[in-house]
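Student: Hi, I have just opened this one and could use some company while I look around. Could you walk me through it?
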Amino acid sequence: MPTHQSPAQKKTVQRVMHEFKHGELKTAAGKRKVKNPKQAIAIALHEAGASKYESPKENAKSLRRTKEKERRGETGQDAAEGRGRRTAKASSAKSGSSTKRASSAKRTSAKRTASTKRSTGAAARSSGTARSSGAKKTSTAKRASSGTKRAASSKRATTTKRAARTARSSTTKRTSAAKRASSGGKQRSAANGKTRAELYKEATRRNIAGRSKMSKEQLERAVQR
């Protein structure tokens with residue numbers, strides 16, 4: 001068995017050994033199955049064109065013949081799996097008979113459906129007129145109810161918008177008044193009160209003890225004494 005084989009030769013060898021494993025490999029005459037593994041290997045190498053007992057020209061010829069047989073679907077694996085020519089003919093015959101039966105059944109069913117359609121057509125027409133009149137009445141009622149709902153929703157939206165505007169204006173007025181009052185208080189305290197540096201100078205002039213550790217409020221109290 002040669003060490004170097006092409007991919008086509010490897011596929012052929014795998015196919016022949018698969019047939020031998022599943023009992024699908026037969027002799028050249030096709031009368032009996034191959035049961036000897038050595039015989040199966042010899043057949044695989046011969047069909048793949050990888051036999052060491054044949055010349056390169058004979059190996060190429062046998063490989064070419066094997067590939068043509070595989071394309072036509074005449075291998076044992078194709079026959080076992082239902083992909084060969086014989087199985088295709090049998091399946092086509094079966095399909096032809098089945099199609100004839102199906103066509104006859106379709107014709108009878110078509111006649112039956114036509115008769116049922118005619119009988120149901122009249123009933124559908126009468127029921128369609130009644131449905132159309134009922135649909136018109138319901139559509140008019142729906143339009144009236146939708147109009148009233150839209151008017152009510154528009155009134156609610158306008159009232160909520162007005163309330164939101166009044167609330168915003170009142171809040172802005174309150175915030176502006178609070179800002180004015182706070183700014184006026186700060187200006188008054190800055191104008192009338194003294195800073196810590198000024199209070200500290202006054203404490204040093206009076207020689208008050210512990211003045212360096214006192215806060216502004218403590219310095220104010222000490223100076224006022």
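Tutor: Gladly, and one term should come before anything else: helices here are DSSP runs of H or I with at least four residues, numbered from the N terminus. Please also keep in mind that this is a predicted model.

Student: Okay, so how many helices and strands does the protein chain have?
Tutor: The secondary structure of the protein chain amounts to 7 helices and 0 strands, and reading along the sequence gives the pattern α-α-α-α-α-α-α.

Student: And what share of the residues counts as buried?
Tutor: Of the 225 residues in the protein chain, 17% count as buried. As for contacts with a separation of 6 or more, 35% of them are accounted for by residues 24 or more positions apart.

Student: Let me pick a residue, then: where is K67?
Tutor: K67 has its place in helix α3, and with a relative accessible area of 17%, K67 is buried, because buried means under 20%.

Student: Which residues does K67 touch, not counting those up to four places away in sequence?
Tutor: On that count K67 touches A8, K11 and T12. With A8 there is also a polar detail, as a polar atom of the K67 side chain lies 3.1 Å from the backbone oxygen of A8.

Student: So how do α1 and α3 pack, I mean at what angle and how far apart?
Tutor: Two packed helices are described by the angle between their axes and the distance between the axes. Helix α1, residues 7-21, and helix α3, residues 56-72, pack at an angle of about 65°, and their axes are 11 Å apart.

Student: Is that crossing left-handed or right-handed, and which residues make the contact?
Tutor: The crossing of α1 and α3 is left-handed. On the α1 side the contact is made by A8, Q9, K11, T12 and R15, while α3 brings L63, T66, K67 and E70; the residues of this contact divide into 2 nonpolar, 3 polar and 4 charged.

Student: Changing topic, which residues make up the largest nonpolar core?
Tutor: That core has 8 residues in all, namely V13, V16, L25, V34, A40, I43, A44 and A48. The elements giving two or more residues to this core are α1 and α2, the latter spanning 37-48, and the largest share, 4 residues, comes from α2.

Student: What is A40 in contact with, leaving aside its neighbours within four places in sequence?
Tutor: With those neighbours set aside, A40 is in contact with V16, M17, F20, L25 and V34. Apart from this core lies another one, of 6 residues, including I208, M214, L219 and A222.

Student: Back to the start of the chain for a second: where does E24 sit?
Tutor: E24 is in the loop between α1 and α2, and E24 is buried, with a relative accessible area of 19%. Leaving aside neighbours within four places in sequence, E24 is in contact with H18, E19, G76, Q77 and A80.

Student: Last one: is K216 buried or partly exposed?
Tutor: K216, which lies in helix α7, residues 216-224, is partly exposed, with a relative accessible area of 38%. Not counting residues up to four places away in sequence, K216 touches K194, T195, R196 and L199.

Student: How do K194 and L199 sit relative to K216?
Tutor: The backbone oxygen of K194 lies 3.4 Å from a polar atom of the K216 side chain. For L199, which is 17 residues from K216 along the chain, the two C-alpha atoms are separated by 7.5 Å.

Technical notes: Residues numbered from 1 in each chain as written. Predicted model: local features only at pLDDT ≥ 70, side-chain atom pairs only at ≥ 80, totals over all residues. Heavy atoms only, no water. Axes fitted to C-alpha atoms, helices over the stretch in contact; angles between N-to-C directions. Left-handed = near helix turned anticlockwise from the far one by under 90°. Contact = heavy atoms within 4.5 Å. Nonpolar A, V, L, I, M, F, W, Y, C, P; charged D, E, K, R; others polar. Core = buried A, V, L, I, M, F, W, Y, C linked by side-chain atoms within 4.5 Å. Buried < 20%, exposed > 50% of the residue type's maximum accessible area, 1.4 Å probe, protein only. Polar contact = N/O pair within 3.5 Å; in protein donor to acceptor, adjacent residues only side chain to side chain.
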